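This report describes the salt bridges, the nonpolar core and the pocket of one protein model. Please read it alongside the sequence and the structure shown here.

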Amino acid sequence: MTRKTWIALTTLAGAAFATVTVELLPAGLLAAMADDLDVSPGQIGLLVTAWALTVAALSLPLERATRRLPRRTVMVAAVVVSAGAALLAAASPAYGVLVAARIVAAAAHGLFWALLVPYATSLVSERHLGRAVSVVLVGPTAAGVVGVPLGTAAAELVGWRAVLVGAAVVLGLAAAALVAVLPSGTASGSGAAEPAAGRDRSLVPVTVTAVLGAVLLVGHFQMFTFVAPIVTDVAGFEPAALGGVLALFGATGALGLAVAGPLSDRLPRAALPATAAVFAATSLALTVIDRSAAAALVVIGVWGAMIGLFPPVFQATVMRVASERSRGAAGAVVVTALNLGIAAGAASGAWVLENLGVTWLAPVATVLMATAALGLALSAGRGARSRGPRRGDGARPPAPPVAAGSR
């Protein structure tokens with residue numbers, strides 16, 4: 001990849017960092033927001049749920065409504081709207097206004113993320129597709145590791161409203177950077193051109209892959225949402241060790257993210273089912289560790305690596321399955337699947353915890369994740385047989401990349 005392409009991908013990662021930081025900030029500002037607006041912490045927590053449901057409901061319709069517009073223009077507009085919504089949230093005199101601001105921001109966020117990965121893949125040749133996705137997805141990873149903790153710490157000094165104003169400023173800078181760096185023309189395969197006649201058959205395997213990915217995420221978030229009781233009651237750690245365990249998640253997750261791109265490019269068909277199989281195996285291992293701290297650390301380390309590995313491999317696979325003209329719609333389908341998987345995983349995990357107990361979280365998750373892994377393996381095998389030999393790295397013949405930075 002050229003230097004200009006790296007700059008463009010890094011700029012997209014920066015914009016992703018800004019939008020995901022705004023998405024996750026209520027988790028760190030929960031107590032301060034609840035006290036200021038005189039509502040319960042649970043009501044502030046519902047902002048995260050409302051965000052996920054809005055993204056899931058509106059990503060695909062908004063992508064379809066804007067598909068004839070230049071992709072760069074739409075992405076910049078989405079980031080600008082997110083900045084305006086952050087300012088509205090900062091100025092909210094009451095809870096209802098805050099909810100409205102978050103819904104607007106979530107809609108813009110969903111549209112931005114529906115276009116983000118497809119746009120990134122249009123900047124590179126097919127053999128570098130996995131690396132491009134991995135670079136962009138550094139942004140949301142950094143948001144969780146740096147953005148939210150920094151915002152939470154800043155709120156102690158200047159208040160939550162000032163933090164949201166700061167977030168709006170960062171979003172504005174991200175929008176300006178997108179304008180300065182990304183090509184002004186329509187990216188290859190962006191969907192801005194008039195769609196070709198007839199139904200795109202690639203949307204069927206795209207949907208199958210996205211649904212199976214969502215099922216795997218349901219299993220993952222059944223466990224990860226309640227990682228604290230799993231660490232203490234199942235693995236046998238003291239509560240004080242939770243911070244160290246989460247740090248291990250972060251470290252091995254970064255490792256997984258680092259190898260995701262090369263792995264996806266080298267094994268374009270096998271990377272996703274293999275990742276899903278290892279994911280399911282870690283869940284199964286959690287059911288038999290029998291309070292062994294050493295074994296638990298190994299399993300948790302592998303689990304963390306899969307958390308970093310799965311999203312870029314999943315999204316790169318979907319982009320490869322999709323035709324050039326359907327990648328925008330495929331991006332929206334992925335965003336919808338991810339958010340539904342997260343929401344359903346947290347909700348169903350809560351039910352399992354309350355009705356069956358903490359020891360059932362991993363077994364139930366294992367069934368879901370193993371089912372998803374098997375489905376992805378069958379889907380990959382069927383796709384390989386139906387397409388037959390393909391050029392290059394196993395994907396369709398590469399389209400000429402858009403020259404990042406040419407305007």
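Asp 265 counts as buried because its relative accessibility is 6%, where buried means under 20% relative accessible area, exposed over 50% and partly exposed in between (1.4 Å probe, protein chains only). Asp 265 forms a salt bridge with Arg 131, a salt bridge being a side-chain nitrogen of Lys or Arg within 4 Å of a carboxyl oxygen of Asp or Glu. Asp 265 belongs to helix 10 and Arg 131 to helix 5, so the pair ties together parts that are 134 residues apart in sequence. Arg 131 is partly exposed, at 32% relative accessible area.

The model is predicted: local features need pLDDT of at least 70 and side-chain atom pairs count only at pLDDT 80 or more, while totals for chains, interfaces and linings use all residues. Residues are numbered from 1 along each chain as its sequence is written, and side-chain values use heavy atoms, with hydrogens and water left out.

A search of the whole structure gives six salt bridges. Three of them, including the pair described above, are set out in the table.

| Salt bridge | Closest N to O |
|---|---|
| Asp 265 and Arg 131 | 2.8 Å |
| Arg 161 and Asp 36 | 3.0 Å |
| Glu 126 and Arg 327 | 3.1 Å |

The salt bridge between Arg 161 and Asp 36 links helix 7 (residues 160-181) with helix 1, the two residues being 125 residues apart. Arg 161 is partly exposed, with a relative accessible area of 25%, and Asp 36 is also partly exposed, at 41% relative accessibility.

In the salt bridge between Glu 126 and Arg 327, both residues are buried. The side chains of Glu 126 and Arg 327 meet across 201 residues of sequence, Glu 126 lying in the loop between helix 4 and helix 5 (129-136) and Arg 327 in helix 13. Helices are DSSP runs (H or I, at least four residues) numbered from the N terminus. Thr 121, in helix 4, is buried at 3% relative accessibility. Arg 327 is one of the contacts of Thr 121, together with Leu 129, Val 133 and Met 319, once neighbours within four places in sequence are left aside; contact means heavy atoms within 4.5 Å.

The largest nonpolar core has 117 residues, of which Leu 9, Leu 12 and Phe 112 touch the most other members. Such a core is a set of buried Ala, Val, Leu, Ile, Met, Phe, Trp, Tyr and Cys residues joined through side-chain atoms within 4.5 Å. Not counting residues up to four places away in sequence, Leu 9 touches Met 1, Ala 120, Leu 123, Val 124, Ala 132, Val 135 and Val 136.

In contrast to these core residues, Leu 173 in helix 7 counts as exposed, at 57% relative accessibility. The C-alpha atoms of Leu 173 and Gly 14 are 9.7 Å apart in space, although the two residues are 159 residues apart in sequence.

The largest pocket has a volume of about 1800 Å³. A pocket is an open set of points on a 1 Å grid where a 1.4 Å probe fits, with protein on both sides within 12 Å along at least five of seven lines, and lining residues have an atom within 4 Å of a point. Among the 46 lining residues, Leu 24, Pro 140, Phe 221, Phe 224 and Ile 342 are the closest to the centre. Helix 12 gives the largest share of the lining, eight residues.

How values were computed:
Grid points are joined across faces, edges and corners, and a volume is the space filled by probe spheres set on the points.
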